[in-house]
Amino acid sequence: MARLFGFALASAALILAVTLWASSLAKLIATCVLLAWAIYARATLSRHGRSQEARRQALDSRTEGPLPPEALDYLTTVHARLELPVETRREVRAELADHLSDSIAAIQAEGQDAGFATREAIARLGRADNLARDLSKTHQSTQQLLAGAAGGVWSAGIGALQGYIFAVTIFLLLAILFAIGLRPAVDFVVTHVIRPNIDPHELGFGTALAGMLAWPAAFVAGRRGVQASAEISGRSAARLGRWWALAGLLGLGWLLMFVVTVQQSWLVVAFELVIPIAFAAGSLFRVDSHLPSVGGRWFAAAIALLLVVAIPGLMVTSYAGSSLDGSDTSYTADSIGWNHVAPHWPDDGMKFLVDGQSLVDGGVAAPAAIQVDNAPALASFRDLRIEAWRAGPYPGADVFLGLLDISYNAPFATAPAAVGPQGVIEGHLNLSHSRTERWWIFLTGIAPDGQRYWLGIRPDFVYTQFSGTIWDWLTASN
Amino acid sequence: MGVGRIRGQLLKGTTPLLVLSVLRDGELYGYEIAQRIRERSGGAFAPSEGALYPALHALEADGALVATWRESDKGPRRRYYAITPLGGALFEEREREWSSFASAMARSVVGNANG
């Protein structure tokens, strides 16, 4: 246990060191130490588990002798006041019951009546509160608490893996059912009953699904972490659970809010925020009761099932996803290579040039390009630039038609443009940090009269995906 | 402050030593340990049973004792305590400390009484 404590401290120090001085050597050393710590923590937990199992079996096979009600009340009070793991509390109660039984019998053998003997035996043990407090203290030290935290983190990690495998297994089974027969029913409900007026591109469906699969993982992680730390540290799971819940809410919340970068949407944000809540629920909700134990055979069966159903399952999810994505191509701003932010378009209106400029779709290849048939006509324009305008919903329509969002009178981003080879206008835009995911890309330029004209437009709007943390999403503009 | 209370306070710190001493002769369960201490002291020492179990559990947590549940001669399974090598070493160390302390106390108290 002391070595586990030492490993935990060393690991914490190394994590801190790596955070401050993130060199390759420091990372390598930290990884080796963490690995060693993990192996040792696992071995410690294994030994602890065997010891617990032996004690549990001994208690299960034990039959408690009859005791007077007064003695049973005393035992119940001590048991309730003990701030120890369930098994330890059972053990203490059993031991004290034996003691009271012997003590009462001995006092009676001295010629006293049963009532006096019971009261005397209880008095010799002292006040129930004091006994429970003193017994609790003997099982609790700071070193054990830290060792319990280290073992708990390990168990939480294993629990997360188990919970995730469980969730993925269930999901794939449901996906197969969906493919076999439920899809028409789901389609009917979605199309004729729910009729959602949403754009699937804005949902981040895949990311939201991944977040949902993490809920059971977080719940099991919280539960296993609390129980392991309670058993190792000799403390009450219910009491430790509050700290685990708080740590989970803060730790996981911080990670998801500021560190984990995924495709975001309001749906994804909501699903992500459930993860720390699920962890807290696992740490708090009836934490003294153990989850159903999954034996090695069942675990192997789940893995096998995953492998067997993974391919058809993934095919099904891919099929389901295609109906949501439609035929449009989605890609991130980063993948396009737009990397330049220009100041907003001055609010002096946009004038359209209608003297024969025609456009041909430049496709989706990076960078954003607009093919101009009559490139020489642009020679009289200066300050050419491409502009990204938000595409918006057509008022009153059930579906998004991708028209210009008329609630904005300025582009989100602009960038200098230049006529490249073969009459292609190129520019680099940065469309990050905006929740908008559909854009119209315009080409504008200033004519000799000093006015800026709309010279061209990509014929179809561009999709982007918001990739960032929850905080990025919350602080992004629309 | 009554004599009984003074005796209780004196005994509180010596309970682990008394426990280790009786367990050197073989493993015992909680009630037997209390009885054995009482018998050995001729009834002079009757350790508080409320202090006995915390002391037993603390010694077990320190590795000085090891406890196992097993059948007893009479009644249900009991939790038997046995001394470990670490406990043996601890006993010898505590015994030396106590002897030194008791000698010093005796010299001091007897000296005052005589002088």
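Biologist: Leaving aside neighbours within four places in sequence, which residues is A:Pro416 in contact with?

Modeller: Contact here is a distance criterion: two residues qualify if their C-beta atoms, placed from the backbone, lie within 7 Å. By that test A:Pro416 is in contact with A:Arg385 and A:Gly427, once neighbours up to four places away in sequence are left aside. This is a predicted model, in which local features need pLDDT of at least 70 and side-chain atom pairs count only at pLDDT 80 or more, while totals for chains, interfaces and linings use all residues. Residues are numbered from 1 along each chain as its sequence is written, and chains are lettered from A and ligands numbered from 1 in the order in which they are written.

Biologist: Where in chain A is A:Pro416 found, and is A:Pro416 buried or exposed?

Modeller: A residue is buried if 20 or more other C-beta atoms lie within 10 Å of its own, exposed if 12 or fewer, and partly exposed in between, with C-beta atoms placed from the backbone. A:Pro416 has 13 other C-beta atoms within 10 Å, so A:Pro416 is partly exposed. The residue is found in strand S7 (residues 413-419) of chain A. Helices (H or I, at least four residues) and strands (E, at least two) are DSSP runs, numbered from the N terminus. The C-alpha atoms of A:Pro416 and A:Leu443 are separated by 9.7 Å, and the two residues are 27 apart along the chain.

Biologist: Now the interior. Which members of the largest nonpolar core touch the most other members?

Modeller: In soluble globular proteins, nonpolar side chains tend to be buried together. A nonpolar core is a set of buried Ala, Val, Leu, Ile, Met, Phe, Trp, Tyr and Cys residues joined through C-beta atoms within 7 Å. The largest has 42 residues, and A:Val78, B:Val19 and B:Leu56 touch the most other members. Elements that each supply at least two of its residues are helices H3 (69-81), H4 (86-109), H5 (114-125) and H6 (128-138) of chain A, and helices H1 (3-23), H2 (30-40) and H3 (49-61) with strand S3 (78-83) of chain B. H3(B) gives the most to this core, with seven residues.

Biologist: Which residues does A:Val78 touch?

Modeller: Not counting residues up to four places away in sequence, A:Val78 touches A:Arg93, A:Leu96, A:Ala128, A:Leu131 and A:Ala132. Another core, of 38 residues, lies apart from the largest one, and its members include A:Ala221, A:Trp244, A:Val269 and A:Ile470.

Biologist: How do I read a helix? Which residues of H6(A) are buried?

Modeller: An α-helix has 3.6 residues a turn, so residues three or four places apart point the same way. In H6(A) the buried residues are A:Ala128, A:Leu131, A:Ala132, A:Leu135 and A:Ser136. They cover an arc (of the directions from the helix axis to the C-beta atoms) of only 130 degrees, which puts them on the same side of H6(A). What covers them includes H3, H4 and H5 of chain A and H3 of chain B.

Biologist: What about H2(B): which residues are buried there?

Modeller: B:Gly30, B:Tyr31, B:Ile33, B:Ala34 and B:Ile37. Their arc is only 165 degrees around the axis, which puts them on the same side of H2(B). After H2(B) comes B:Gly42, with a positive phi, near 65 degrees.

Biologist: What pattern does chain B follow along the sequence?

Modeller: Chain B, with four helices and three strands, reads α-β-α-α-β-β-α. Of its 115 residues, 29% are buried.

Biologist: And what is the strand order in its sheet?

Modeller: Two strands pair if DSSP finds at least two bridges between them. In chain B the order is S1-S3-S2, an open, antiparallel sheet of three strands. S1 and S2 are the edge strands, each pairing on one side only. H3(B) packs on the sheet, touching S2 and S3 of chain B, and its direction makes about 110 degrees with that of S2(B); axes are lines fitted to C-alpha atoms, for helices over the stretch in contact, and angles run from 0 to 180 degrees between N-to-C directions. Strand S1 (residues 28-29) pairs with S3(B) over two bridges, and B:Tyr29 has B:Tyr80 as its bridge partner. Strand S2 (residues 65-70) pairs with S3(B) over six bridges, with B:Val66 partnered by B:Ala82. Five of the six residues of S3(B) are buried, so S3(B) is largely enclosed by the rest of the structure.

Biologist: How many residues does each chain put into the contact between them?

Modeller: Chain A gives 20 residues and chain B gives 17 residues. On the chain A side, H4, H5 and H6 each supply at least two residues, and H4(A) gives the most, with six.
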